[in-house]
Amino acid sequence: MITYAEALRLLLSEAKPIEETETIPLMYSTGRVLAEDIASPIDVPGWDNSQMDGYALRVEDIASASQDAPVRLPVAERIAAGKIGGPLLSGTCARIFTGAPLPPGADTVVPQEDVSREGDVVAFSQTPQIGAWVRRQGSDVAAGSVILHVGDRLTPGAIGMAASIGRAYVTVFRKLRVGVFFSGDELVQPGEPLPPGGIYNSNRFMVRSILQLLGCEVTDLGSVPDSLEATKRAFEHAAETSDVILTTGGMSVGEEDHIKPAVEALGRIDLWRVKLKPGKPLAFGEVKGVPFVGLPGNPVSGFVVLLMMARPFLLRRMGLKEVDLTPMKIRADFDWLKAGDREEFVRVRRNAEGGLDIYHTQNSQVLSSCAWADGLVDIPSGAVIHRADVVHYYPFAQFFA
């Protein structure tokens, strides 16, 4: 077996981004991966403008202002957002609103709460610095600058940036097509009667949900019987329509486990088993030229391996530039005193005191631990954790950002 870090490096070294792209409306691009650099054709903002509701003026006109001797200026014009004011005459000020262009001749804005007004005359009792409360032209984005890059995820913030420079369409990588199937004669679809010895196929729903949150296009081949021929047929079908094949179950070497022989008959296996808990039975290889990832059948093992190993591989194939996660350093409010011989990801949840509680059982078949938890803690091989130690915590929300 190889370590988790070694296995992840192997997967990422084989994760070649797809090449096909499509141009879509910016309005419907949430979560997609950019296939182009986006440069701004304009300055943002396009002109000097006011950050506040207040009064635009020349600082030199109120240079002598003080609490004891306020300087009074007449209001020469009113400038709302979207309006263009006329040149500001010396010795006057302009009523201005947030976002409105600064009139020619003005160099500063004084917020309305810092002045007193009587009719059309405003009293200023202090002298501001030149440029106060003014957003300069191009201070957010300069014309010609690249604001987004190939491989960036189109988050709400990125989409807002693209809209702010006038982009209506963006070129993105097409969605990654992931073919999935689930091995096991015991698997039953939720909603159907549960026969003796049967279990509901929770993996199918969990895996599909994660893949959809990642932005993949899922082709679901359903449950596959425990036979070599049925498994080979499922692989052949998936290879015809998918960029990646992902399976759960059938990963051991018993008489009813057919994933390994089916893959070896149709392609190759580059990785089989990792020093990871939960998740030792992880497979990686190729079927008819299509990359293959085999997840463990135990629900928690499949959940952890999909997030910590398959996820970065899939994102890199989708064209995403940054796929690494940076763990948070959080206080453990639990003890973990039995050092293991494998790196382990345990299910935890933040508590009201800012620390981390651990689920009462870490058995790889207890899916309730994943529903209860809000993240994972990485416990290195051979390590123990004492209460109040600082640990590396991966919040689930980070996996889908």
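**Exercise 1.** Which residues in α1 and α6 meet? Describe the packing of the two helices in this predicted model.

Solution.
- Step 1, the elements. Helix α1 covers residues 4-13, and helix α6 covers residues 299-317.
- Step 2, the residues. On the α1 side, Y4, A7, L8, L11 and L12 take part; on the α6 side, their counterparts are M308, M309, P312, F313 and R316.
- Step 3, the classes. The contact of α1 with α6 has nine nonpolar residues, no polar ones and one charged.
- Step 4, the geometry. The axes of α1 and α6 come within 9 Å and cross at roughly 20°.
- Step 5, the orientation. Angles under 35 degrees count as roughly parallel, and α1 and α6 are therefore roughly parallel to each other. Their crossing is right-handed.

**Exercise 2.** Helix α6 also packs against α3. Find the angle, the orientation and the residues of this contact.

Solution.
- Step 1, the geometry. Helix α3 spans residues 202-214, and its axis comes within 11 Å of the α6 axis, with a crossing of roughly 25°.
- Step 2, the orientation. Because of that angle, α3 is roughly parallel to α6. The crossing of α3 and α6 is right-handed.
- Step 3, the residues. From α3, the contact uses S202, N203, M206, V207, I210, L211 and L214; from α6, it uses P299, G302, F303, L306, L307, R311, L314 and L315.
- Step 4, the classes. Eleven of the residues in the contact of α3 with α6 are nonpolar, three are polar and one is charged.

**Exercise 3.** How do α4 and α5 pack, and which residues meet?

Solution.
- Step 1, the geometry. Helix α4 (residues 228-241) and helix α5 (residues 259-266) have axes 9 Å apart, at an angle of about 55°.
- Step 2, the orientation. The angle is not under 35 degrees and does not fall in the range from 65 to 115, so α4 and α5 are oblique to each other. The crossing of α4 with α5 is right-handed.
- Step 3, the residues. L228, T231, K232, F235 and E236 of α4 meet I259, P261, A262, V263, A265 and L266 of α5.
- Step 4, the classes. The contact of α4 with α5 counts eight nonpolar residues, one polar and two charged.

**Exercise 4.** Lay out the sheet that holds β17 and β19, then place α4 on it.

Solution.
- Step 1, the order. This open sheet has six strands with mixed pairing, ordered β17-β14-β18-β22-β21-β19.
- Step 2, the edges. β17 (217-224) and β19 (267-272) pair on one side only and are the edge strands.
- Step 3, the twist. From one strand to the next, the twist averages 20°.
- Step 4, one pair. β21 (residues 283-287) and β22 (residues 290-295) are antiparallel and share five bridges. G285 has F292 in β22 as its bridge partner.
- Step 5, the helix. α4 packs on this sheet and touches β14 (177-183), β17, β18 (244-248), β21 and β22; the directions of α4 and β17 make about 170°.

**Exercise 5.** What is the strand order of the sheet that holds β8 and β9? Continue with the pair β6 and β7.

Solution.
- Step 1, the order. The strands run β8-β5-β7-β6-β10-β9 in an open sheet of six, with mixed pairing.
- Step 2, the edges. β8 (108-111) and β9 (115-118) each pair on one side only.
- Step 3, the turn. Ignoring direction, neighbouring strands of this sheet are turned by 40° against each other on average.
- Step 4, one pair. β6 (residues 71-79) and β7 (residues 93-96) run parallel and are joined by four bridges. V75 has C93 in β7 as its bridge partner.

**Exercise 6.** Locate the backbone exceptions in the loops.

Solution.
- Step 1, the background. Most peptide bonds are trans, and most residues other than glycine have a negative phi.
- Step 2, the cis bonds. V44 and P45 are joined by a cis peptide bond with omega of about -5°; P45 is in the loop between β3 (38-39) and β4 (49-50). K277 and P278 are also joined by a cis bond, with omega of about -10°, and P278 is in the loop between β20 (274-277) and β21.
- Step 3, the phi angle. W133 has a positive phi, near 60°, and lies in the loop between β10 (121-124) and β11 (134-135).

Definitions and conventions. Residues are numbered from 1 along each chain as its sequence is written. This is a predicted model: local features need pLDDT of at least 70, side-chain atom pairs count only at pLDDT 80 or more; totals for chains, interfaces and linings use all residues. Side-chain values use heavy atoms; hydrogens and water are left out. Axes are lines fitted to C-alpha atoms, for helices over the stretch in contact, and angles run from 0 to 180 degrees between N-to-C directions. Angles under 35 degrees count as roughly parallel, over 145 as roughly antiparallel, 65 to 115 as roughly perpendicular and the rest as oblique. A crossing is left-handed if the near helix is turned anticlockwise from the far one by less than a right angle, and right-handed if clockwise. Contact means heavy atoms within 4.5 Å. Ala, Val, Leu, Ile, Met, Phe, Trp, Tyr, Cys and Pro count as nonpolar, Asp, Glu, Lys and Arg as charged, and the others, Gly among them, as polar. Two strands pair if DSSP finds at least two bridges between them.
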